[in-house]
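Open the model in your viewer and keep the selection tool at hand. Each stop below says what to select and what is there.

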Amino acid sequence: MVQKSGTIDARRLGKRERREAMHAYVFMSPVIIGLLVFTLGPIIVSLFLSFSNYNLLNDPKWIGVDNYVKMYGERLFWQSLRVSAIYSIVSVPLGMTIALFLALLLNRTMRGIYTLRAIYYLPTVISGVGVAMLWRWIFNGQYGVINTLLRNVGVKGPNWLLDENYALIALIITSVWGVGGTMLIFLAGLQGIPVEINEAAEIDGAGKWGQFRYITLPMISHVTFFNLVLGIIGALQVFTDAYVITNGGPNNATLFIAVYLYRHAFQFLNFGYAAALAWVLFIIVMVLTLLVFRSSPLWVFYEQERQEK
Amino acid sequence: MMTAIARLFRTRTGQERLGSIATMVVLLIGAVFILIPFFWMISTSLKKAGDVYIAPPQWIPADPQWENYVTAVTRLNYGVHATNTAIIVVFVMIGTLFSSSFAAYGFSRLRAPGRDAIFMVLLGTMMLPGAVTLVPTYLMFNSIGWVNTFLPMIVPAFFGNAFFVFLTRQFYITIPKELEESAMMDGATVYQIWWYIMLPLSGPILATIAVFTFVGTYNDFFTPLIYISDESKRTIAVALTYFQGSPRIGPQMHLLMAAVTMSIVPPILLFIAAQRYFVRGIVMTGIKG
C-alpha cells in the first residue's frame, strides 16, 4: 500500500532531496498539525483527565484511579456495557449477513438493477436525526406503521419503545434498515471476483452452494474483514439513534456507552469520569480490533498468498 | 401450459430464468420494506391534525394538507436552521477538499523522511473511537471561546480527514507523472503543479469526497449538539430534536413529519444527481486489497 521509494535515509539527503522533503512537509503540514492538535494531543490529555476530577469550574485535580474504581462499582456503567455488547453481538453479524445476501442478489445484470441498488443504499444517505424521528413514529405502539402491519396479519405488536424488553430490538431493526453501506462494500468485493473462476468450477461440477462456500466466501474474505472491523467500531459508538429514538430508556434498556458518556460529559459535567469512560471504550475497541486482526490469517485470504501457494 | 411450467423446472435455462424471477421478487419485497418508512412519513406529513392519531391509519390522506409544510417552516424557523446548516456544510466542504488534495499531493508525489510513518499514523486514527478525543477537544474549543460558534465544526475540516486523504492519495498514484515532469522542466514550482495540474485532474475523486462530506456534515448531529447552545445557531439536525417536544408543536406529528421530510430532501436530491459517485463509484473503484 505504501511505496517503498518514499523511505529515504535522512542522513544521506542531498541538497535537492532536502528541498523536496521541505516541500513534502509543507504539503503534509495540514495533516501533521491536525494529527497533533485534534488527535494525538487530545488522546494524551484525555488519559490525564481520566485520572482527575474536572468540571470546568475548578482546575483539574489529580485523583489517581478513583474514576475507574467508581466506574467499577457503578450499576449503570455495567448496564451500558451490556447494552452495547448485546447490540453489537446481534446487529453486526445480522447486518453483515443480510448485507452479503443482498449484495449476492444485486450482483447481476438485469433491468432496473441500478435503481434497486440505489434504493437499498438510500437509507445510508439520509441517516441522522430526521430518520431517527421517523423511526420513533414508526414504532409508536398504537398508531405506528409496524404495529399496523402486524395487526393486519393478526399479531398484536408490543409497545416497542416504551417496553424495556423490546426497545433494544427496535434499535437493532433500525440498524438493519441502514445496511446499504455494508451491502455496497460487499458488492464491490463480489465484482472483483473474475467470472472465469466460477465458470471453471461449474464445469468441474460445483453446485451453487459449493461455489459460494469455496470460491465466493474466500475471495471476498478481505472485504468481510473490512466490514467486520468497521461494523464493530461503529456499533460500539452508536449515539444518535439511541439518543433521539429512546434517549437511553425505558429503564436504561438502551443506555449505550456513548449515551452514558454523553450524559456524564455534557449533562453532569463530569469531564474526568467521561474521559475515563472514553478510555475504557478505547481499550475495548482496540482489544476487539486486535483480536479480529490476529484471527485474520485463519480466514482472510489475500491475492498474493493465493498466488504463492 | 403445464408442460411449459414443467419445462421451466426441468431445463437448465428454465431453472436460470426461475432463479432470476425469484431474485427479482425477493429484491422487490426488500425494496418495499426500505421504502415503507418514507411512504409513511410523507403520508403523515400531509394529514390533518385530527387524522394522525386514528387506528387503523389512513395510508393515503383523503385531503392532502400541503400547508402543513408552510406551518412547519414558520413554526420551526426552518430558514434560519437551513442557513446555519448551509454555512457549515459549505465551509467544511472547502476545508475538506483543500486539505485532502493538498496533503495527498505530498503523500503521493514528494519524498521525505518519515512520510510513510506519518501516513500510517493517519490511517490508524481511522479506527480511533471519537469519544477518546471528545472531552479534551471540547475543553480546548471552550477555552478559546469557540463554543456556541460554528468554528468547532468548520476548522478541523481544514486539517485533513484520514479517509479522504487516503482516497485522494490512492487516486494521485494512478495519475502518470509525465505532465508534471514537463511542467517541472518549464520551471514550475511544486505548488503551481499541484494547483494547475493536479487539481484540474482531480475532478472525479473530489466530487466523490464532496458528496460524502455533504452527507456526513449535513447529517451530523453530535458535533452541533454539544457545541451549539443558542437556538438561532442550531443546525437542522439539532433543531428537529427540539421541535419534537417543544410546546410550539406538541404532539403534532404531521408537522414534525413535514419538517423531517424537508430535512431529507437535500441529501436525496444530491444522491440522485450523484448516484454514480455513490453506488457505481464505490462498486467500480471498490477496495482492491
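Start with helix α14 of chain A. Select Phe271(A), Gly272(A), Tyr273(A), Ala274(A), Ala275(A) and Ala276(A), which are buried. Add Leu277(A), Ala278(A), Trp279(A), Leu281(A) and Val285(A), which are buried too. Keep in mind that this is a predicted model.

What do the buried residues of α14(A) pack against? Within chain A, the partners are α1 (15-50), β1 (52-53), α2 (66-72), α11 (221-235) and α13 (257-267). From chain B comes α7 (131-143). Colour these elements and look at them together with the helix.

Now check the helix with a ruler. Select residues 271-299 of chain A, the 29 residues of α14. At 1.5 Å a residue, the helix should span 42 Å. The C-alpha atoms at its ends lie 41 Å apart, so the length agrees with the expected value.

**The nonpolar core**

Next, select Phe186(A), Leu261(A), Ala278(A), Val135(B) and Ala259(B). These residues have the most contacts inside the largest nonpolar core, which has 143 residues. Ala278(A) was on your list of buried residues in α14(A).

Stay with Leu261(A). Which residues does Leu261(A) touch, leaving out those up to four places away in sequence? They are Ala274(A), Leu277(A), Ala278(A) and Ala131(B).

**Where the chains meet**

Select chain A and chain B in two colours. Here 84 residues of chain A are in contact with 79 residues of chain B. On the chain B side, helix α2 (residues 12-45) gives the most, with 13 residues. Colour that side by residue class. It has 57 nonpolar residues, 18 polar ones and four charged ones.

**Chain A as a whole**

Hide chain B for a moment. Chain A has 15 helices and two strands. How spread out is chain A? Its radius of gyration is 25 Å, while the globule rule gives 19 Å for 309 residues. The value is well over the rule, so chain A is more spread out than a compact globule. Turn the C-alpha trace along its principal axes: it spans about 80 × 75 × 35 Å. Of the 309 residues, 38% count as buried.

Look at the contacts within chain A too. Take those between residues at least 6 apart in sequence: 68% of them join residues at least 24 apart.

**The domains**

Select residues 4-50 of chain A for domain 1, then 68-308 for domain 2. Their centres, taken over C-alpha atoms, are 35 Å apart. Four residues of domain 1 are in contact with six residues of domain 2. The domain 1 side of this contact has two nonpolar residues, two polar ones and no charged ones.

Bring chain B back. Domain 1 of chain B is 2-68, and domain 2 of chain B is 77-245. The centres of these two domains are 39 Å apart, again over C-alpha atoms.

**A covered helix**

Go to helix α5 of chain A, residues 129-138. Nine of its ten residues are buried, and the helix is mostly covered. Among the buried ones are Val129(A), Met133(A), Trp135(A) and Arg136(A).

**A loop in chain A**

Move to the loop between α12 (240-246) and α13 of chain A, where you will find Pro250(A). The peptide bond from Gly249(A) to Pro250(A) is cis, with omega near -15°.

Asn247(A) is in the loop between α12 and α13 as well. Phi of Asn247(A) is near 45°, a positive value in a residue other than glycine. Is Asn247(A) buried, exposed or partly exposed? It is partly exposed, with 14 other C-beta atoms within 10 Å.

**Last stops in chain B**

Select Asn148(B), in the loop between α7 and α8 (151-154) of chain B. Phi of Asn148(B) is near 70°, also a positive value in a residue other than glycine. Asn148(B) is partly exposed, with 14 other C-beta atoms within 10 Å.

Finish at Ser108(B), in helix α5 (residues 78-109) of chain B. Ser108(B) has 22 C-beta neighbours inside 10 Å, so it counts as buried. Which residues does Ser108(B) touch, beyond those up to four places away in sequence? They are Arg169(B), Tyr172(B) and Ile173(B). Draw a line from Ser108(B) to Arg169(B), C-alpha to C-alpha: the two are 61 residues apart in sequence but 5.6 Å apart in space.

Methods: Residues numbered from 1 in each chain as written. Chains lettered and ligands numbered in written order. Predicted model: local features only at pLDDT ≥ 70, side-chain atom pairs only at ≥ 80, totals over all residues. Domains from an automatic or database assignment. Contact = placed C-beta atoms within 7 Å. Nonpolar A, V, L, I, M, F, W, Y, C, P; charged D, E, K, R; others polar. Core = buried A, V, L, I, M, F, W, Y, C linked by C-beta atoms within 7 Å. Buried ≥ 20, exposed ≤ 12 C-beta atoms within 10 Å, placed from the backbone. Helix = DSSP H or I, 4+ residues; strand = E, 2+ residues; numbered from the N terminus. Expected span 1.5 Å × (residues − 1). Rg over C-alpha atoms; globule rule 2.2 N^0.38 Å.
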